[in-house]
Amino acid sequence: MAAGEHHVWKESYLANADLSAKQFFLVKRHTTEKQCALVAATTDIPIGILQNKPAASGREAEIVVAGRSKAEVEATTDIAIGDKLGPDANGRLIKKTANNDIVCAIAEQAATAATGEIIEVTVFPSVWLGA
């Protein structure tokens, strides 16, 4: 485990597809029992952040559900330390501010005007942002 990463709660699922290019992306429960899939909509409810690179369907996917983790972000809107983060439509974390947005992480590092930047976050089970 790298410095700064403190995994409190990890789960293992089986990947529903090749997720080898999706390390540090958000994953959700798949419709097949015990499988996970890449988050593909802002309304998807994430399990957590994928930690490894399962290269085919049926391979083990290690997921941090709660604790500190690296995460890939969409920072076309700047992300500051302490910002609330939730899913975008491509499995990345994005800054969330609107009522009823799904939130599943807090930024521990800033990110500016970049897609695909990897930052440290504190991840937790999903909640809905309230007014």
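What radius of gyration does the chain have, and what would a compact globule of 131 residues have? The chain has 13 Å, and a compact globule would have a value near 14 Å, so the two agree. The radius is taken over C-alpha atoms, and the globule rule is 2.2 Å times the number of residues to the power 0.38. The C-alpha atoms fill a box of roughly 35 × 30 × 25 Å along the principal axes.

This is a predicted model: local features need pLDDT of at least 70, side-chain atom pairs count only at pLDDT 80 or more, and totals for chains, interfaces and linings use all residues. Residues are numbered from 1 along each chain as its sequence is written, and side-chain values use heavy atoms, with hydrogens and water left out.

Now the fold. The chain holds nine strands and zero helices. Strands are DSSP runs of E, at least two residues, and helices are runs of H or I, at least four, numbered from the N terminus. Of the contacts with a separation of 6 or more, 57% join residues 24 or more positions apart; contact means heavy atoms within 4.5 Å.

Next, burial. Of the 131 residues, 43% count as buried, meaning under 20% relative accessible area, with exposed over 50% and partly exposed in between (1.4 Å probe, protein chains only).

One residue serves as a close-up. Thr-32 sits in the loop between strand 2 (26–29) and strand 3 (35–38). Its relative accessibility is 39%, so Thr-32 counts as partly exposed. Leu-14 lies 18 residues from Thr-32 in sequence, and their C-alpha atoms are 9.6 Å apart.
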